[in-house]
Structures are given as C-alpha cells and as structure tokens.
Amino acid sequence: MKRRVGLLVMSYGTPRKESDILPYYTHIRRGYPPTEEEVENLKQRYAAIGGLSPLAKLTEIQARELERQLNESAQDVEYELFIGNKHIEPTIEDAVTQMHEAGITEAVAIVMAPYFSMFATASYFERARRRANRYDLKLYEVPAWNDEPEFIDYWAGALTNALHEAAQGNNAAREQLETVSEPQGNNAPPLRGEQIGVVFTAHSLPYHVIHMGDTYPQIVEETAHTIARKVGIDSYKMAWQSAGVRGDWLTPDVLDVTKEFSDTVTKLIYVPIGFVCDHLEILYDNDKVCKDLCDTLGLAYKRVPMPNGDGLFVKAMAQAVRRQMNSNEVK
C-alpha cells in the first residue's frame with residue numbers, strides 16, 4: 001500500500017461571487033472594513049476584466065495538474081490534494097484540518113508564488129505550521145521554486161516567442177513605411193527606431209519590509225537576469241507593480257519604467273515573472289493600466305502569456321516538491 005501524503009497548495013485567494021468582496025477585502029485589511037469608495041473601486045476593476053477574477057479556477061487547474069504529475073511518477077507515495085487560501089475560505093487552516101480529518105499524518109506544502117518572501121510567503125507556512133502542530137501533522141515545506149529549470153524554461157520560451165512575434169511586426173511596419181512616397185512634414189513627430197523593450201515585472205513590497213532584510217527583490221532580479229541570459233538579451237528593465245495605496249512601496253513602478261522607454265522603443269513586452277496565472281493584477285494592472293499608458297505614449301503593448309495550467313510550468317512545482325520530499329527521506 002502506498003504511503004498517503006497530503007499536498008497542501010496555498011493561494012492568495014479571490015472572491016468567487018460579488019457577496020465575497022467585502023469580507024475578502026476586510027480580511028486583507030486585517031479586519032478593518034474598506035470604505036464604500038474602496039469597495040466600489042475594486043468592483044469596477046473586476047468589471048473591467050469581465051467579472052470576478054479567474055484566480056480560483058486557475059489555481060485549482062494548476063493544483064490538479066501538480067497532483068497528477070506527482071502521482072504519475074511516484075512509486076511509493078499517493079499525494080492527496082488540499083487547497084487553502086490566505087484571505088478567503090477555504091482557508092489554510094481549513095485545508096490542514098481537512099487533511100487531519102481525512103487521516104493524513106504528513107503533508108508537503110507549497111505556495112502558488114515562486115519566490116520566498118518574509119512579508120508574503122513566510123506567513124502562509126507559519127499559518128499552516130501552527131494548525132498542523134495542533135494535530136501533530138508532519139509538514140514538509142517548499143519555500144521557493146523560482147530556480148527550478150522548468151520555471152526558467154517556461155518564461156524564456158514565452159519571451160522568445162513574444163520577441164519573434166514583435167520582430168515580425170516590426171518588419172511589416174518597415175515594409176509599410178517604405179511604400180510611403182510623400183515625405184513627412186516639418187510638424188510630423190520624429191520616427192523612433194524600431195526597437196523592442198522588455199520589462200520584467202513582479203509584485204511590489206512595502207519598503208519597511210525590505211529594510212527588515214527581505215531578500216525578495218534580489219531573488220526576483222536574479223531570476224530576471226537568468227531568463228534574459230537564456231533568451232540572449234542583455235537589455236531589459238525590472239519593474240514592480242500592483243503596489244498598495246498606503247505607505248512607500250518598492251520602486252521603480254512599472255508605469256514609470258514604461259514612460260522611461262517611451263523615447264527609445266516602439267514596442268514593449270511585459271514579462272510578469274512574479275505571477276503564475278491570469279488574475280486581477282495581470283488582466284487589469286497590466287492589460288488595462290499598462291496598455292492604456294502604452295497607447296497614450298504611442299507604444300505597442302504586448303504581454304507574454306501567463307503559465308496557468310501549462311504542464312512545463314507546473315513541472316517546476318512538481319520538481320520542487322519531489323526534491324523537498326527526497327531531502328526529508330534522506331534526513
């Protein structure tokens with residue numbers, strides 16, 4: 001008989017229906033209810049992407065694929081999936097309790113965020129650990145998985161494809177310009193060189209967390225450098241996005257970086273390596289806010305596809321889980 005191991009997949013969480021928005025937002029604010037204006041603003045952002053975020057559905061798709069890949073290669077272990085959220089039910093604590101009630105005595109935990117952060121991912125593990133201790137449930141933790149080869153391969157492949165597509169578009173534009181026989185008037189704006197800019201983005205963090213020694217920014221920047229090197233580019237910018245409305249957050253902000261590019265390129269490719277699927281920060285903060293700014297600046301906007309349930313990307317998580325489990329077996 002195979003050994004039963006719980007697979008605890010932890011996610012930020014998102015409202016599944018409109019009535020979830022207020023309690024969800026209140027939980028994010030540590031129990032302080034948002035103002036009517038703040039709630040309305042969030043509702044408008046959801047409306048702009050066609051309704052509520054697809055995060056919950058995509059998290060389950062990714063988690064199911066992770067469970068499938070792990071069990072496909074496991075000989076002595078049967079992984080059983082449980083999903084817990086940081087800000088909405090089922091919570092992380094709910095998921096751990098469900099494992100206990102199902103007779104699970106050991107589990108491996110992973111966060112649907114590839115980088116370790118004292119501010120972000122560490123709190124997920126702390127909550128899971130606290131509840132697991134109540135049941136004497138052994139918990140193995142996967143702190144990060146951004147340096148897995150498959151993680152790098154996915155983003156490098158996505159960026160390479162985007163660069164090829166953008167370059168083809170530049171060739172078409174050049175051919176079109178060559179057919180224009182009338183010279184430009186003196187008042188016409190100067191033509192910029194047909195250059196393609198690349199912006200890697202990840203979620204911002206409050207500066208006070210950085211001052212406490214959180215290495216998240218350096219880890220993300222090193223990952224961006226690794227991806228760029230694999231693709232073969234040496235010119236790109238790192239930007240931070242989706243900052244909170246209170247306090248000072250990590251800079252440069254993605255909108256400021258976009259403006260910096262406006263005089264030197266004609267196209268911008270955004271590579272959101274800090275995120276794992278389509279959700280509000282991608283579909284609104286990138287595809288709406290960044291695109292609107294690009295339109296205003298006369299830049300062509302392009303974003304590489306998010307991984308979602310891509311098998312290669314999920315394989316990075318699976319490899320990290322296997323490595324953690326093998327490490328514990330050795331111990």
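**Close-ups of a predicted model**

**View 1. How helix H9 starts.** Right at the start of H9, Asp253 points a side-chain oxygen to within 2.9 Å of the backbone nitrogen of Leu255. Keep in mind for this and every other view that the model is predicted.

**View 2. The buried side of H9.** Helix H9 covers residues 254-261, and its buried residues are Val254, Val257, Thr258 and Phe261. They sit on the same side of H9 because the arc they cover around the axis is only 105°. What do the buried residues of H9 pack against? Their partners are three strands, S5 (196-203), S6 (237-241) and S7 (267-271), plus helix H11 (285-297).

**View 3. An open sheet of four strands.** Read across, the strand order is S6-S5-S7-S8, and the pairing is parallel. The edges belong to S6 and strand S8 (300-303); each has a single partner strand, so one side of each has no neighbour in the sheet. From one strand to the next, the twist averages 30°. Zoom in on S7 and S8 and you'll find four bridges joining these parallel strands. Tyr270 has Arg303 of S8 standing opposite.

**View 4. Two helices on the sheet.** Helix H8 (residues 216-231) packs on the sheet by touching S5 and S6, and its direction is at about 135° to that of S6. H9 packs on the sheet too, touching S5, S6 and S7, with its direction at about 145° to that of S6.

**View 5. The largest nonpolar core, with Trp155 in it.** This core counts 60 residues, and Tyr79, Trp155 and Phe200 have the most contacts inside it. Helix H6 (residues 149-178) supplies the largest share, 10 residues. Which residues does Trp155 touch, leaving aside neighbours within four places in sequence? The list runs through Ile227, Val271, Pro272, Ile273, Phe275, Val304, Pro305, Met306, Pro307 and Phe313. Another core, of 17 residues, lies apart from the largest one and includes Phe82, Val96, Ile104 and Tyr124. As a general backdrop, nonpolar side chains in soluble globular proteins tend to be buried together.

**View 6. Thr14 in its loop.** Look for Thr14 in the loop between strand S1 (3-11) and helix H1 (21-28). Is Thr14 buried or exposed? Thr14 counts as buried because its relative accessibility is 3%, and the cut-off for buried is under 20%. Setting aside neighbours within four places in sequence, Thr14 is in contact with Tyr24, Tyr46, Ser53, Leu55, Ala56 and Ile88.

How values were computed. Residues are numbered from 1 along each chain as its sequence is written. This is a predicted model: local features need pLDDT of at least 70, side-chain atom pairs count only at pLDDT 80 or more; totals for chains, interfaces and linings use all residues. Side-chain values use heavy atoms; hydrogens and water are left out. Buried means under 20% relative accessible area, exposed over 50%, partly exposed in between (1.4 Å probe, protein chains only). The arc is that of the directions from the helix axis to the C-beta atoms. Contact means heavy atoms within 4.5 Å. A polar contact is a pair of N or O atoms within 3.5 Å; within protein, one must be able to donate a hydrogen and the other to accept it, and residues adjacent in sequence count only if both atoms are side-chain atoms. Two strands pair if DSSP finds at least two bridges between them. Axes are lines fitted to C-alpha atoms, for helices over the stretch in contact, and angles run from 0 to 180 degrees between N-to-C directions. A nonpolar core is a set of buried Ala, Val, Leu, Ile, Met, Phe, Trp, Tyr and Cys residues joined through side-chain atoms within 4.5 Å.
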